[in-house]
Amino acid sequence: MTEEGQNLAVALFSEVLTAEQLLRHRLSRSLPKGMELSHFSVLNHLAVIADERTPAQLAATFHVTRGAMTNTLGKLEWAGYVHIRPDWDDARRKLVAISPAGRRARDQAIADITPMIRQIVGDMGADKVRSILPVLRELRLRLEVQD
(Lines give C-alpha, C1' and ligand atoms only; values in the text may rest on other atoms or scores of the structure.)
Protein backbone atom coordinates (compact mmCIF):
# COMPACT_ATOMS: atom_id res chain seq x y z
CA MET A 1 0.00 0.00 0.00
CA THR A 2 1.33 3.42 -0.90
CA GLU A 3 1.74 6.14 1.71
CA GLU A 4 -1.23 7.98 0.17
CA GLY A 5 -3.33 4.80 0.37
CA GLN A 6 -2.30 4.26 3.96
CA ASN A 7 -3.19 7.85 4.87
CA LEU A 8 -6.56 7.42 3.15
CA ALA A 9 -7.25 4.20 5.07
CA VAL A 10 -6.29 5.81 8.39
CA ALA A 11 -8.51 8.83 7.64
CA LEU A 12 -11.46 6.56 6.72
CA PHE A 13 -11.22 4.47 9.88
CA SER A 14 -10.61 7.52 12.05
CA GLU A 15 -13.80 9.15 10.71
CA VAL A 16 -15.86 5.96 11.07
CA LEU A 17 -14.66 5.33 14.63
CA THR A 18 -15.21 8.93 15.70
CA ALA A 19 -18.66 9.00 14.11
CA GLU A 20 -19.50 5.71 15.86
CA GLN A 21 -18.43 7.10 19.25
CA LEU A 22 -20.41 10.29 18.78
CA LEU A 23 -23.48 8.41 17.55
CA ARG A 24 -23.37 6.01 20.52
CA HIS A 25 -23.10 8.99 22.88
CA ARG A 26 -26.04 10.82 21.26
CA LEU A 27 -28.18 7.67 21.12
CA SER A 28 -27.42 6.81 24.75
CA ARG A 29 -28.55 10.27 25.85
CA SER A 30 -31.77 9.92 23.82
CA LEU A 31 -32.78 6.50 25.15
CA PRO A 32 -35.34 6.14 27.95
CA LYS A 33 -33.87 6.42 31.45
CA GLY A 34 -32.10 3.25 32.50
CA MET A 35 -31.92 1.73 29.01
CA GLU A 36 -28.44 1.08 27.67
CA LEU A 37 -27.60 1.02 23.98
CA SER A 38 -26.85 -2.72 24.18
CA HIS A 39 -30.33 -3.30 25.65
CA PHE A 40 -31.98 -1.31 22.89
CA SER A 41 -29.98 -3.13 20.22
CA VAL A 42 -31.06 -6.56 21.46
CA LEU A 43 -34.70 -5.50 21.89
CA ASN A 44 -34.75 -3.94 18.45
CA HIS A 45 -33.24 -7.05 16.87
CA LEU A 46 -35.74 -9.36 18.58
CA ALA A 47 -38.63 -7.07 17.61
CA VAL A 48 -37.56 -6.97 13.96
CA ILE A 49 -36.95 -10.71 13.56
CA ALA A 50 -40.10 -11.56 15.55
CA ASP A 51 -38.65 -14.93 16.52
CA GLU A 52 -36.70 -16.55 19.35
CA ARG A 53 -32.91 -16.71 19.38
CA THR A 54 -30.39 -18.48 21.55
CA PRO A 55 -27.98 -16.38 23.60
CA ALA A 56 -25.16 -17.75 21.42
CA GLN A 57 -26.93 -16.62 18.24
CA LEU A 58 -27.43 -13.15 19.73
CA ALA A 59 -23.78 -12.98 20.81
CA ALA A 60 -22.70 -13.84 17.26
CA THR A 61 -25.10 -11.31 15.75
CA PHE A 62 -23.70 -8.50 17.91
CA HIS A 63 -20.08 -9.70 17.79
CA VAL A 64 -19.79 -9.92 21.57
CA THR A 65 -18.79 -12.73 23.89
CA ARG A 66 -21.39 -15.11 25.23
CA GLY A 67 -20.63 -13.77 28.70
CA ALA A 68 -21.37 -10.20 27.62
CA MET A 69 -24.62 -11.30 26.00
CA THR A 70 -25.60 -13.31 29.09
CA ASN A 71 -25.06 -10.19 31.19
CA THR A 72 -27.20 -8.05 28.85
CA LEU A 73 -29.94 -10.69 28.70
CA GLY A 74 -29.93 -10.99 32.49
CA LYS A 75 -30.58 -7.26 32.82
CA LEU A 76 -33.29 -7.38 30.14
CA GLU A 77 -34.95 -10.35 31.83
CA TRP A 78 -34.81 -8.63 35.23
CA ALA A 79 -36.52 -5.57 33.68
CA GLY A 80 -39.19 -7.85 32.18
CA TYR A 81 -38.19 -6.99 28.61
CA VAL A 82 -37.36 -10.54 27.45
CA HIS A 83 -38.53 -14.05 28.23
CA ILE A 84 -35.84 -16.72 28.49
CA ARG A 85 -37.01 -20.31 28.38
CA PRO A 86 -35.42 -23.74 27.97
CA ASP A 87 -35.23 -25.15 24.47
CA TRP A 88 -37.62 -28.11 24.64
CA ASP A 89 -35.61 -29.95 21.95
CA ASP A 90 -32.19 -29.42 23.57
CA ALA A 91 -32.17 -28.91 27.34
CA ARG A 92 -28.65 -27.45 27.18
CA ARG A 93 -29.89 -24.39 25.27
CA LYS A 94 -32.13 -21.48 26.12
CA LEU A 95 -34.31 -19.40 23.83
CA VAL A 96 -34.88 -15.67 24.15
CA ALA A 97 -37.93 -13.73 22.97
CA ILE A 98 -39.00 -10.13 23.41
CA SER A 99 -41.84 -9.65 25.91
CA PRO A 100 -44.77 -7.27 25.46
CA ALA A 101 -43.07 -4.92 27.96
CA GLY A 102 -39.86 -5.19 25.95
CA ARG A 103 -41.70 -4.32 22.75
CA ARG A 104 -43.23 -1.27 24.46
CA ALA A 105 -39.79 -0.22 25.78
CA ARG A 106 -38.26 -0.66 22.32
CA ASP A 107 -41.08 1.34 20.72
CA GLN A 108 -40.59 4.11 23.31
CA ALA A 109 -36.86 4.12 22.62
CA ILE A 110 -37.53 4.43 18.87
CA ALA A 111 -39.88 7.34 19.58
CA ASP A 112 -37.25 8.97 21.82
CA ILE A 113 -34.34 8.70 19.34
CA THR A 114 -36.30 9.47 16.15
CA PRO A 115 -36.17 13.29 16.53
CA MET A 116 -32.37 13.22 16.89
CA ILE A 117 -31.96 10.93 13.89
CA ARG A 118 -34.37 13.00 11.79
CA GLN A 119 -32.45 16.16 12.62
CA ILE A 120 -29.10 14.68 11.60
CA VAL A 121 -30.46 13.26 8.35
CA GLY A 122 -32.34 16.50 7.68
CA ASP A 123 -29.23 18.60 8.28
CA MET A 124 -27.13 16.39 6.00
CA GLY A 125 -29.81 15.94 3.37
CA ALA A 126 -31.48 12.72 2.30
CA ASP A 127 -29.55 12.55 -0.99
CA LYS A 128 -26.19 12.69 0.79
CA VAL A 129 -27.25 10.06 3.32
CA ARG A 130 -28.60 7.84 0.54
CA SER A 131 -25.30 8.17 -1.34
CA ILE A 132 -23.10 7.07 1.60
CA LEU A 133 -25.18 4.04 2.60
CA PRO A 134 -23.75 1.72 -0.09
CA VAL A 135 -20.18 2.62 0.93
CA LEU A 136 -20.88 2.02 4.62
CA ARG A 137 -22.71 -1.22 3.83
CA GLU A 138 -19.78 -2.48 1.74
CA LEU A 139 -17.33 -1.56 4.51
CA ARG A 140 -19.47 -3.46 7.04
CA LEU A 141 -19.72 -6.51 4.79
CA ARG A 142 -15.96 -6.57 4.18
CA LEU A 143 -15.31 -6.34 7.91
CA GLU A 144 -17.82 -9.14 8.65
CA VAL A 145 -16.08 -11.45 6.17
CA GLN A 146 -12.78 -10.97 8.01
CA ASP A 147 -14.26 -11.81 11.41
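Student: Which side chain meets that of glutamate 36 in a salt bridge?

Tutor: This is a predicted model, where local features need pLDDT of at least 70 and side-chain atom pairs count only at pLDDT 80 or more, while totals for chains, interfaces and linings use all residues. Residues are numbered from 1 along each chain as its sequence is written, and side-chain values use heavy atoms, leaving out hydrogens and water. A salt bridge needs a side-chain nitrogen of Lys or Arg within 4 Å of a carboxyl oxygen of Asp or Glu. At 3.9 Å, N to O, the partner of glutamate 36 is lysine 75.

Student: How far apart in sequence are the parts that this pair ties together?

Tutor: Helices and strands are DSSP runs numbered from the N terminus (H or I, at least four residues; E, at least two). Glutamate 36 sits in the loop between α1 and α2, while lysine 75 belongs to helix α4, so the parts tied together are separated in sequence by 39 residues.

Student: And is lysine 75 buried, exposed or partly exposed?

Tutor: Buried is under 20% relative accessible area, exposed is over 50%, and partly exposed is in between (1.4 Å probe, protein chains only). Glutamate 36 has 37% and falls in the middle class. Lysine 75 comes out at 38%, so lysine 75 is partly exposed.

Student: Which residue forms a salt bridge with arginine 93?

Tutor: Arginine 93 is partly exposed at 40%, but its partner is buried at 7%. The closest N and O atoms are 2.6 Å apart, and that partner is aspartate 87.

Student: What about arginine 92: buried or exposed?

Tutor: Its side chain meets that of aspartate 90 in a salt bridge at 3.0 Å, N to O. With a relative accessible area of 75%, arginine 92 is exposed.

Student: Which element gives the most residues to the largest nonpolar core?

Tutor: Such a core is a set of buried Ala, Val, Leu, Ile, Met, Phe, Trp, Tyr and Cys residues joined through side-chain atoms within 4.5 Å. This one has 21 residues, and Leu31, Met35, Phe40, Leu43, Leu46 and Leu73 touch the most other members. At least two residues each come from α2 (37–49), α3 (55–62), α4 (66–78), β2 (90–98) and α5. The top contributor, with six residues, is α2.

Student: Where is arginine 106?

Tutor: Arginine 106 is buried, at 17%. Beyond its neighbours within four places in sequence, its contacts (heavy atoms within 4.5 Å) are Phe40, Leu43, Asn44, Ala47 and Val48. Arginine 106 itself lies in helix α5.

Student: What is the volume of the largest pocket?

Tutor: On a 1 Å grid over the protein atoms alone, a pocket is an open set of points where a 1.4 Å probe fits, with protein on both sides within 12 Å along at least five of seven lines; lining residues have an atom within 4 Å of a point. Among its 40 lining residues, those closest to the centre are Ala19, Glu20, Leu23, Leu27 and Leu136. Volume is the space filled by probe spheres set on the points, which are joined across faces, edges and corners. For the largest pocket, it is about 2000 Å³.

Student: Which element supplies the largest share of the second largest pocket's lining?

Tutor: That pocket has a volume of about 250 Å³. Its lining includes Leu73, Arg92 and Arg93. Two or more lining residues come from each of α3, α4 and β2. The largest share, five residues, comes from α4.
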